[in-house]
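Biologist: I'm new to this one, so please pick a single starting point and give me a close look at it, then carry on from there to the parts you find worth seeing.

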Amino acid sequence: MSTKAKKHPTPRSDRRPSPVSRTAGAATSIRGSVEIGSVVTVGELAEALGVSPIELIKALIQRGVMANINQQIDFETAAAVAAQFGVELVERTPEAVQQEKSLAEIVQLSARDPNAVPRPPVVTIMGHVDHGKTKLLDAIRHTNVAEGEAGGITQHIGAYQVEVQGRKITFLDTPGHEAFTAMRARGAQVTDIAVLVVAADDGVMPQTREAVAHARAANVPIIVAINKIDLPTANPARVKQQLAEIGVIPEEYGGDVPVVEVSAKQRLGIEDLLEMILLVADLHELKANPHRPAIGVIIEAKIDQKRGPVATVLVQTGTLKLNDVVVTGATWGRIRAMFDDRGRKVRRAEPSMPVEILGLEEVPEAGDYLQVVEDERTAKEIASQRALKRRAEALTEARVVKLDELQRGLQAGETRELRLILKTDVQGSLEAIQNALAKVNEELQDVGIHVVHAATGAISESDVMLAATTGAIVIGFNVRPDVAARRAAEATGVEIRYYNIIYQLLEDVRAAVAGLLAPETREVVDGVAEVRDVFRLPNRTVAAGLYVLTGKAARNARLRVIRDGKVIHEGTVASLRRFKEDVREVAAGYECGLTIENFNDIRVGDQIEFYHLEHVPRGR
């Protein structure tokens with residue numbers, strides 16, 4: 001072959017097509033549009049944009065994305081970087097991914113299908129801890145299981161059905177709003193009705209308010225079950241009054257929330273509650289088409305050493321059959337066996353029926369949609385495309401609302417509401433801030449402030465999960481998150497803002513909704529330690545014996561003393577010692593001694609939070 005031939009090789013017909021292709025008119029100039037898939041490697045994107053991979057990697061690093069030439073990035077990140085080079089990207093969405101996006105819509109449209117028939121309602125039991133959620137579920141299960149079958153319930157699959165007046169009701173056996181919200185975070189709207197359990201002797205408690213906030217965020221009708229009416233201290237009238245005060249207006253007060261008095265222990269009022277569930281279900285005309293390929297939601301999933309991946313599916317529309325080929329999330333399989341909530345083998349599952357299935361290649365995630373597809377080849381293709389997309393999304397930051405990003409949304413005309421979850425140290429602060437926010441809301445025209453949930457106490461994991469599913473920002477006034485909440489915030493990207501002056505809180509919110517917020521400093525938590533012991537020194541100074549839980553304790557850091565989730569002091573480190581020697585920092589998992597500048601009220605069990613302030617350029 002000649003040298004000329006080597007320099008100008010003939011295009012090969014078997015060359016693998018590039019996942020990136022230019023649209024017409026974009027081949028000769030970098031100014032134009034380029035079509036790419038949902039994910040693309042850095043090298044492929046650089047080639048399509050006509051820039052060197054080094055330039056592209058530098059641009060990605062400036063946006064906080066550390067990537068090499070072979071790393072995949074998602075469309076949003078690629079589009080943002082391409083704009084810097086004057087190129088507009090057009091997403092070429094694979095058909096399989098489009099199908100995944102439309103599954104929730106198909107389920108919703110199924111109710112209006114001409115072939116739709118009434119389906120059993122799906123119910124979640126919610127409420128405060130120790131108010132009797134689990135006992136109520138047990139009472140319902142045993143009251144309405146056919147004689148002789150009660151002892152045969154050995155299979156826990158996360159959901160079960162009971163029969164009332166010849167009709168079925170499906171209960172999700174995952175009491176509490178945590179599981180409820182976790183599935184919503186995955187995009188799955190499973191529950192039709194929420195039963196709010198409130199103890200007749202205890203009344204409305206913090207988790208009761210949280211459960212109401214979660215049910216409202218999901219736009220799910222509520223039925224209140226006032227439990228423990230058999231107790232001598234029961235006061236249902238007081239409970240109804242408290243419910244009305246938090247906006248849950250009972251029907252007898254002129255509201256739209258049914259209230260049923262029950263005793264899970266004595267099994268009183270259970271039939272009345274079930275009849276009320278059926279009545280509410282009838283009002284909402286719950287329907288689905290059982291004559292189409294099934295679509296369902298994964299309720300629970302695990303790996304069984306003998307049976308392999310096992311998943312519980314709640315069928316939402318269509319009928320799931322034995323030997324169906326299914327795809328769920330980023331995995332697929334052929335259904336080899338199905339079991340109902342009593343462990344019996346079944347060959348088909350209709351809408352609102354929970355079944356345990358075997359035959360998946362891997363364990364799916366709770367909240368993943370399951371759909372029946374034509375053949376294994378289609379299932380493998382969809383699963384692999386989703387796996388690719390999820391891997392790319394995991395490399396970029398979750399799209400969660402940040403207070404200082406609200407400005408961009410306002411300018412683009414996308415944001416019309418700022419959602420907040422408000423946690424304070426005392427009720428007086430809570431009411432004062434809510435009243436002040438209401439006044440700010442009245443001043444605004446284009447943007448509204450919506451407080452999704454407001455309560456006193458430390459910021460919990462549940463608060464963070466609610467923020468993740470509703471696109472809210474968590475505001476803490478004189479309170480801090482617990483360890484689980486902090487981890488959840490890091491995992492989901494939810495922003496938590498802390499304040500100890502109401503004026504500053506209102507100024508930030510007002511500036512944010514006006515599209516003006518550009519903070520010059522940002523707080524960074526270095527570590528959290530727990531006080532394990534307290535010592536009084538000769539000079540009357542009190543020293544704390546610490547165990548560092550996360551991050552590091554630093555001598556040059558600022559600190560907060562947190563007691564029962566509330567901030568009781570902010571100050572600086574006077575001394576940090578380890579084995580009687582001054583040290584600059586102590587890592588997680590080690591013990592140390594600490595004294596605080598001008599503060600001696602340290603107690604065993606207190607948490608010490610070390611932090612510093614970072615200077616951030618305006619607009620970032």
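Modeller: Let's start at Glu591, which sits in strand β32, residues 591–596. Strands (E, at least two residues) and helices (H or I, at least four) are DSSP runs, numbered from the N terminus. A word on the ground rules: this is a predicted model, where local features need pLDDT of at least 70 and side-chain atom pairs count only at pLDDT 80 or more, while totals for chains, interfaces and linings use all residues. Residues are numbered from 1 along each chain as its sequence is written, and side-chain values use heavy atoms, with hydrogens and water left out.

Back to Glu591: leaving aside neighbours within four places in sequence, Glu591 is in contact (heavy atoms within 4.5 Å) with Leu546, Tyr547, Arg578 and Val586. Its C-alpha atom is 9.0 Å from that of Ala529, although the two residues are 62 apart along the chain.

Now for the rings. The structure holds one aromatic pair; rings of Phe, Tyr and Trp (its six-membered ring) pair if their centres lie within 6.5 Å, and planes under 30 degrees apart count as stacked, over 60 as edge-to-face, the rest as tilted. Here Tyr160 and Phe171 are stacked, 5.8 Å centre to centre with 25° between the planes. Tyr160 belongs to strand β8 (residues 159–164) and Phe171 to strand β9 (residues 167–172), so the pair ties together parts eleven residues apart in sequence. Both Tyr160 and Phe171 are buried, meaning under 20% relative accessible area (exposed is over 50%, partly exposed in between; 1.4 Å probe, protein chains only).

Phe171 turns up again in the largest nonpolar core, which has 28 residues. Such a core is a set of buried Ala, Val, Leu, Ile, Met, Phe, Trp, Tyr and Cys residues joined through side-chain atoms within 4.5 Å. Phe171 is one of the residues with the most contacts inside this core, and Leu136 is another. β7 (122–127), α6 (133–143), β8, β9, β10 (193–199), β11 (222–227) and α10 (270–283) each supply at least two of its residues, and the largest share, eight residues, comes from α10. Not counting residues up to four places away in sequence, Leu136 touches Ile125, Val197, Ala225, Val262, Ala264, Ile270 and Leu273. Apart from this core lies another, of 23 residues, among them Ile36, Leu45, Leu49 and Leu89.
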